[in-house]
Amino acid sequence: MIKKIRITQDLFSQYAKAFLGGLLSGLCLFEGVSTLMPVSIALLWSSSKNPFSGFIWGGVAVLYSHKWLLALHPLSWIGINSYLSLPISIFVWLFCGLFGGLLVFFWSWLFHRATEFLDCDKSFFFKILLALFFSIIWGLSEVFLSQGPLFWIGIGGSLLPENIWLAGWARVFGAGGLAVIQILIGWWIWQLFIVFPRRNQFQKLFLYGCILLLLGHILGRNLIDDRIPTKSINVALWQSNIPIREKYSREQLISLPSRIKSVLLKAKESEAFVLVAPEGTLLSNTSLLE
């Protein structure tokens with residue numbers, strides 16, 4: 001028996017807002033347009049009562065911001081057959097989108113369940129506490145995910161390079177703290193739309209939010225250490241020149257520690273203070289010989 005799935009106007013509106021918000025978020029992450037990120041997060045908050053909207057938001061955001069994965073094709077540079085290259089690139093891209101969508105889905109689901117269980121509509125102060133709590137969950141999740149392979153860029157990093165003053169808070173709270181700030185700004189914008197018909201509440205919320213934003217930028221600017229250095233240091237550069245297809249071979253894994261030691265000794269002889277090597281030269285949890 002075939003059942004018809006009825007999409008109401010309200011449900012369609014939620015999905016549309018989630019899609020638009022995810023698209024704006026992906027644009028911010030891919031193009032570096034940080035000013036639109038709070039708007040995209042506001043659209044996520046406004047559609048969060050339906051967890052599937054969170055899935056749409058997260059999926060679209062990741063698929064757009066990580067469309068560069070499709071440019072990995074052809075993968076012959078790591079020894080993959082050209083016939084399998086495009087399907088693998090598409091699969092990796094879709095998998096990342098699915099993973100991002102599921103993460104936001106669970107976040108939206110938890111928020112929806114919490115608002116139903118706690119009945120927070122009675123107190124605006126309680127709404128603020130709940131928004132802060134779920135913003136912190138998001139920020140901590142980004143910190144946790146950054147330790148693994150399924151993470152490339154988070155909302156916190158989207159403040160750069162445009163809003164460097166507010167990004168100064170990273171000196172205190174790190175990238176996870178910047179994500180919390182972004183989520184809260186988006187929540188504030190969402191609340192402004194909710195209380196817009198009530199003139200007095202709108203004016204108060206708008207004024208308080210602007211004051212906090214102004215203070216946040218001023219204090220964040222003071223946290224930035226932009227002093228011009230008074231002395232220079234010697235830097236050594238090493239191009240390891242290890243092909244990807246050979247990087248994980250047994251011979252390379254055995255010889256790499258001694259090669260690194262040799263290069264470090266040469267850098268020391270050259271009185272270099274820092275040695276710079278290509279990203280990925282050292283494997284995870286690699287220890288030096290000395």
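1. Rings of Phe, Tyr and Trp (for Trp, its six-membered ring) are taken to pair if their centres lie within 6.5 Å, with planes under 30 degrees apart counted as stacked, over 60 as edge-to-face and the rest as tilted. By this rule the model holds 19 aromatic pairs, and ring pairs link Trp45, Trp57, Trp107, Phe111, Phe133, Phe134, Trp138 and Trp190 into a cluster.

2. This is a predicted model, in which local features need pLDDT of at least 70 and side-chain atom pairs count only at pLDDT 80 or more, while totals for chains, interfaces and linings use all residues. Residues are numbered from 1 along each chain as its sequence is written, and side-chain values use heavy atoms, with hydrogens and water left out.

3. Within the cluster, the Trp107 and Phe111 rings are a stacked pair, because their centres are 6.2 Å apart and their planes stand at 10°. Both residues belong to helix H4, four residues apart, about one turn of the helix (helices are DSSP runs of H or I with at least four residues, strands are runs of E with at least two, and both are numbered from the N terminus). Both Trp107 and Phe111 are also buried, a word that here means under 20% relative accessible area, whereas exposed means over 50% and partly exposed lies in between, with a 1.4 Å probe and protein chains only.

4. Trp107 also forms an edge-to-face pair with Phe134, at 6.3 Å centre to centre and with 85° between the planes. This pair links distant parts of the chain, since Trp107 is in helix H4 and Phe134 in helix H5, 27 residues apart. Trp107 counts as buried at 6% relative accessibility, and Phe134 counts as buried at 4%.

5. Helix H5 itself, residues 124-145, has 22 residues and reaches 32 Å from its first C-alpha to its last, close to the 32 Å expected (the expected span being 1.5 Å times one less than the number of residues). Its buried residues are Leu130, Ala131, Phe134, Ser135, Trp138, Gly139, Glu142 and Leu145, and what covers them includes helix H2 (37-46), helix H3 (51-65), helix H4 (82-118) and helix H7 (170-195).

6. Gly21 deserves a separate look: it is placed in helix H1, residues 9-31, and is buried, with a relative accessible area of 0%. Leaving aside neighbours within four places in sequence, Gly21 is in contact with Ser40, Leu43 and Trp57, where contact means heavy atoms within 4.5 Å. The C-alpha atoms of Gly21 and Met37, 16 residues apart along the chain, are separated by 8.6 Å.

7. Lys67 and Phe30 offer another kind of arrangement, in which the charged end of Lys67 sits over the ring of Phe30, 4.8 Å from its centre; the criterion is that NZ of Lys or CZ of Arg is within 6 Å of the ring centre and within 35 degrees of the ring normal.

8. Finally, a residue in a loop may be checked by the reader: Glu271 lies between helix H10 (250-269) and strand S2 (274-276). Phi of Glu271 is near 60°, a positive value in a residue other than glycine, and Glu271 is exposed, with a relative accessible area of 64%.
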